[in-house]
Protein chains: 2
Amino acid sequence: MIQSVDRALRVLAVLQGARRRSLGEIATAMGLAPSTVHGIVRTLVSHGMVVQERDSGLYRLGPATLRLGNVYLDNLELRAHAQPWISALADRTGCAVRVAVPLADDVVVVAAAPTPVEVGIVIPAHACALGKVLLAYGACTPTDRPRRMTGETQLPPRDLPAVRRTGLATEVEEAVLGECGLAAPVATADEVCGAIGLVVPAGDWPLPPPAFDALRQTARAVSRELGASTWPPAAEDEAASA
Amino acid sequence: MIQSVDRALRVLAVLQGARRRSLGEIATAMGLAPSTVHGIVRTLVSHGMVVQERDSGLYRLGPATLRLGNVYLDNLELRAHAQPWISALADRTGCAVRVAVPLADDVVVVAAAPTPVEVGIVIPAHACALGKVLLAYGACTPTDRPRRMTGETQLPPRDLPAVRRTGLATEVEEAVLGECGLAAPVATADEVCGAIGLVVPAGDWPLPPPAFDALRQTARAVSRELGASTWPPAAEDEAASA
DNA sequence: AAAAGCGTTCGACCATGCCGAAAGCTAGTA
DNA sequence: TACTAGCTTTCGGCATGGTCGAACGCTTTT
């Protein structure tokens, strides 16, 4: 772990927390001398990862971050293979559909139907169906101190062995009040690489059996295209927590 | 400029060029020892900026890049203020509308109407109307060796003083054959921060005068919301190249 | 006019990242 | 099965390059 690179990435993480920050704010947030942070930030600015506002001198994220994220999406086989399937799934079920990948103890939405507006949003893994699936298969790392998002959030997530058995996870208003979710894993030949889920208003919950079947079929089909031989995927080498 | 941070960002740039690369490929592309690159890459992996495929050992961009790009968009006042205006502009003109910001010698699309699918794409500044606007006002840096995209690409871009006078730039099949563009600058109180443009099939070119007027009005309105007092914006402190 | 608060620059110390070489690892081959 | 070749990964010593404190210039406030 290279110290200065790690610090640079932590600067970006700090900049994610607010629209704009002063050099001093970043420095105190990281427990470093302002001059130390200045060198790092200048390097980030030179690559467009950070921009400095001309008048105020404050720093914010830069357009190079957007380019990186876009290239990431373009190179993601999961997204390419899932796109036609989730459009069809959204049509068949009338639900909003999301595809997500693990990012530490969060999930990131990489594709959505019928509208792609949710692409890029981040949700704590323990609070959504997509995340429960990825936790169950060890693709997401559990947080030691999970955050309660709504009054319904279950801490810590239960029934992960059941998720592994059935290949499905549910969530009832744990992330957003009024929203429920159902999700299933997507795997390649040797690992769970993401999850596909339905999101519906609480009034439409529970979903009818055909929706369950349609989701299962979609997850299986996408997994097969990515090289998986069985579905639901095997439980990997994870030691199951109760 | 911190050396190791700079190298880390160059690793990300190398990873943008191909779907996946081996450690050795990255090392030779950067002229460094593989072990040197390994330490950098490991740090990037620990933050999710890069992921290593489990089976092949190859590296690719990671989901943290998408999160960063999404936060960048959410925090961009230009995007927030432009969104309603460009939707209306797309309705009025029937054209595709794009909003872009400068990134060195490229432009990055940060908003688009009627469909947002183009958000995130990168275009060389010298080859598109959006980029010519940003070059004219010094927001983009000219490349020393601009790349010819189509047979129509003008190298180097001409008529930049005229762009500053009129506040409009045009492009006829210089970036993509069959596509033409018209663009206008958007400014804050003290700098040109982006450009708004129309993109139309070559068959619809030249655009009728009402489209010119609608674009001008939109660019002026958004600039005003961002704090600009005059439009077209003053030519800054740039020394105009003939 | 004075002062406080910022970002920025500079210089010296020494911690830290860099590289060469050797070690694991997987896959392909006789 | 044993061997080879290619890769990623680990390890250790050298010196390069990053870190921090202090001083500077600037803008804004009182």
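Author: Welcome! Helices and strands here are DSSP runs, numbered from the N terminus. Keep in mind that this is a predicted model.

Reader: Thanks! Which helices supply at least two residues each of the surface near DNA strand D?

Author: In chain A they are α1 (3-16) and α3 (34-46), and in chain B they are α1 (3-16), α2 (23-30) and α3 (34-46). With four residues, α3(A) gives the most. Of the 20 residues around the strand, S35(A), T36(A), Q3(B), S22(B) and S35(B) come nearest.

Reader: How many residues of that surface are nonpolar, polar and charged?

Author: Six are nonpolar, 13 are polar and one is charged.

Reader: How should I read the relation between chains A and B?

Author: Two copies of a chain are related by a rotation about an axis and a shift along it. Here, a turn of 180 degrees with a shift of 0.0 Å along the axis lays chain A on chain B, at an RMSD of 0.0 Å. The two copies are therefore related as by a two-fold rotation axis. They also meet through the same surface, because 100% of the interface residues of chain A are interface residues in chain B too.

Reader: Where in chain A can I look for cis peptide bonds?

Author: Try the bond from A113(A) to P114(A), with omega near 5 degrees; P114(A) sits in the loop between β4 (106-113) and β5 (122-124). Another cis bond runs from W205(A) to P206(A), with omega near 0 degrees.

Reader: And is E173(B) buried or partly exposed?

Author: A residue counts as buried from 20 other C-beta atoms within 10 Å, and as exposed at 12 or fewer. E173(B) has 18, so it is partly exposed. Its phi is positive, near 60 degrees, although E173(B) is not a glycine.

Key
Residues numbered from 1 in each chain as written. Chains lettered and ligands numbered in written order. Predicted model: local features only at pLDDT ≥ 70, side-chain atom pairs only at ≥ 80, totals over all residues. Near = placed C-beta within 6 Å. Nonpolar A, V, L, I, M, F, W, Y, C, P; charged D, E, K, R; others polar. Least-squares fit on C-alpha atoms with pLDDT ≥ 70 in both. Contact = placed C-beta atoms within 7 Å.
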